[in-house]
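Let's take a friendly walk through this structure, from its inner spaces to its aromatic rings and a few unusual backbone spots. Keep the 3D view open as you read.

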Amino acid sequence: MTTDRVCTLADGRSIGFDDVGDPDGTPVLYVHGTPDSRRARHPDDGLAAAAGVRLVAVDRPGVGLSSPHPGATVGSFADDAVGLADRLGVDRWGVLAWSGGTTYGLAVAARHPERVSRVVVAAGLVPFEAYAEPGILDLADGGRWMVAELGAELGPAGLAAEALPMLAPHPCDLDLAREFVLEAADPLRRRELDAVPGAVDALAAGVADAVAQGTDGLRRDLELQVEAPDVDWSAVACPVELVYGERDTTTPVDFGRWWARRLRWAELSVVPGAGHLVALTEWRDLLRRAGA
């Protein structure tokens with residue numbers, strides 16, 4: 001098993017990734033949330049091996065092991081992902097995207113449809129335009145309302161400046177990141193964390209990685225939650241499975257319904273009683289779906 005790898009893209013930037021699971025299995029690209037990194041995934045990579053999946057978990061620009069890219073867009077991430085696939089000898093892979101990684105994961109399928117077999121979205125965030133739909137935020141928490149309201153009022157840069165200090169402490173080490181993860185967890189999230197041994201450490205590693213190079217990578221990620229994506233969602237030509245937690249208030253089920261209305265071959269499933277950490281609690285099943 002190989003982990004903590006870096007390769008050089010055509011423009012000279014580095015992209016960091018973990019390459020785990022079954023090296024001869026079905027390739028699956030894992031796209032992390034915000035504020036996260038490639039390490040914010042289920043802590044047991046043996047589940048990928050058991051599912052027959054070669055899991056490639058990648059850092060977005062300015063996060064973890066990946067070089068900063070001030071001009072990064074949702075679409076440029078898709079191009080980076082295909083550049084990585086070329087260097088790994090992967091012709092086609094499934095995509096598993098969690099939360100804030102959703103637009104990026106779907107962008108890979110939209111811009112490079114011949115390279116993606118299917119996309120699985122876990123607790124997926126919607127583009128900023130979706131917040132204008134009546135009722136879509138009715139079951140959302142205060143953090144999501146804040147993004148919608150400040151994004152509309154202040155624009156991408158203003159929203160990022162206001163939200164960044166709330167998403168990750170900086171400077172940050174693993175101990176501080178663990179405290180941050182636990183303090184931010186409501187009772188449902190604490191139960192989900194407790195259900196997955198090692199989950200707190202995995203999410204803490206993601207928070208620490210998000211600001212390990214400074215805050216520019218996370219700042220750009222937040223700006224892109226407000227900017228209109230440079231991607232045509234109608235170009236997604238593969239099956240998309242949308243998996244949401246019934247009790248998730250970070251990305252409510254209505255977000256999944258929004259995506260289901262806009263993607264040609266999308267199917268929504270709701271996990272009873274689950275919250276935003278459905279990606280961790282349902283990891284085995286998500287891997288199976290993405291590697292199908």
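## The largest cavity

This is a predicted model. The largest cavity has a lining of 15 residues, and those nearest its centre are Thr103, Leu125, Val126, Leu224 and Gln225. Two elements each give two or more residues to this lining: α3 (102-111) and α8 (216-224). The space inside the largest cavity comes to about 110 Å³. In all, the count is 3 cavities of 30 Å³ or more.

What kinds of residue make up the lining of the largest cavity? There are 9 nonpolar residues, along with 4 polar and 2 charged ones.

## Two pockets

Now for the open spaces. The largest pocket has a volume of about 910 Å³. Its lining holds 36 residues, and Thr34, Pro35, Leu167, Arg189 and Thr250 are the ones nearest the centre. The elements that supply two or more residues to this lining are α4 (142-167), α5 (174-183), α6 (187-195) and α7 (199-210). Helix α4 makes the largest contribution, with 7 residues. By type, the lining of the largest pocket divides into 18 nonpolar, 10 polar and 8 charged residues.

The second largest pocket holds about 200 Å³ of space. Of the 18 residues that line this pocket, Pro61, His69, Asp216, Gly217 and Arg220 lie nearest its centre. Which element gives the most to this lining? That is α8, with 7 residues. Here the lining consists of 8 nonpolar, 4 polar and 6 charged residues.

## The loop between β4 and α2

Serine 67 sits in the loop that runs between β4 (53-58) and α2 (74-88). A polar atom of the serine 67 side chain lies 2.9 Å from the backbone nitrogen of serine 14. Setting aside neighbours within four places in sequence, serine 67 is in contact with Arg13, Ser14, Pro61 and Gly62. One of these partners, Pro61, is also among the residues nearest the centre of the second largest pocket.

Threonine 73 is found in the loop between β4 and α2 as well. A polar atom of its side chain lies 3.3 Å from the backbone nitrogen of glycine 75. Beyond neighbours within four places in sequence, threonine 73 is in contact with Tyr104, Arg220, Leu224 and Asp230. Arg220 appears again among the residues nearest the centre of the second largest pocket, and Leu224 among those nearest the centre of the largest cavity.

## Helix α9 and the aromatic pairs

Helix α9 covers residues 253-262, and its buried residues are Val253, Phe255, Gly256, Trp258 and Trp259. Among the elements that cover these buried residues are α3, α4, β7 (240-245) and β8 (266-271).

The structure holds 6 aromatic pairs. One of them joins tryptophan 233 and tryptophan 259 in an edge-to-face arrangement, 5.1 Å centre to centre with 85° between the planes. Tryptophan 233 belongs to the loop between α8 and β7 while tryptophan 259 belongs to helix α9, so this pair ties together parts that are 26 residues apart in sequence. Both tryptophan 233 and tryptophan 259 are buried. Why is the pair of tryptophan 258 and tryptophan 259 described as edge-to-face? The ring centres are 5.1 Å apart and the planes stand at 85°, so the pair earns that description. Tryptophan 258 and tryptophan 259 are both buried. Phe255 of α9 joins Phe128 and Tyr131 in one aromatic cluster.

## Unusual backbone spots

Most peptide bonds are trans, and most residues other than glycine have a negative phi. Against that background, the peptide bond from threonine 34 to proline 35 is cis, with omega near 0°. Proline 35 is placed in the loop between β3 (26-31) and α1 (46-50). Another cis peptide bond links histidine 170 to proline 171, with omega about 0°. Proline 171 is in the loop between α4 and α5.

Serine 99 has a positive phi, near 55°, and lies in the loop between β5 (93-98) and α3. Is serine 99 buried or exposed? With a relative accessible area of 10%, serine 99 is buried. Alanine 123 also has a positive phi, near 50°. This residue lies in the loop between β6 (116-122) and α4, and is buried with a relative accessible area of 0%.

How values were computed: Residues numbered from 1 in each chain as written. Predicted model: local features only at pLDDT ≥ 70, side-chain atom pairs only at ≥ 80, totals over all residues. Heavy atoms only, no water. Helix = DSSP H or I, 4+ residues; strand = E, 2+ residues; numbered from the N terminus. Polar contact = N/O pair within 3.5 Å; in protein donor to acceptor, adjacent residues only side chain to side chain. Contact = heavy atoms within 4.5 Å. 1 Å grid on protein atoms, 1.4 Å probe; cavity = no way out; pocket = protein on both sides within 12 Å on 5 of 7 lines; lining within 4 Å. Points joined across faces, edges and corners; volume = space filled by probe spheres on them. Nonpolar A, V, L, I, M, F, W, Y, C, P; charged D, E, K, R; others polar. Buried < 20%, exposed > 50% of the residue type's maximum accessible area, 1.4 Å probe, protein only. Phe/Tyr/Trp six-rings, centres within 6.5 Å; stacked < 30°, edge-to-face > 60°.
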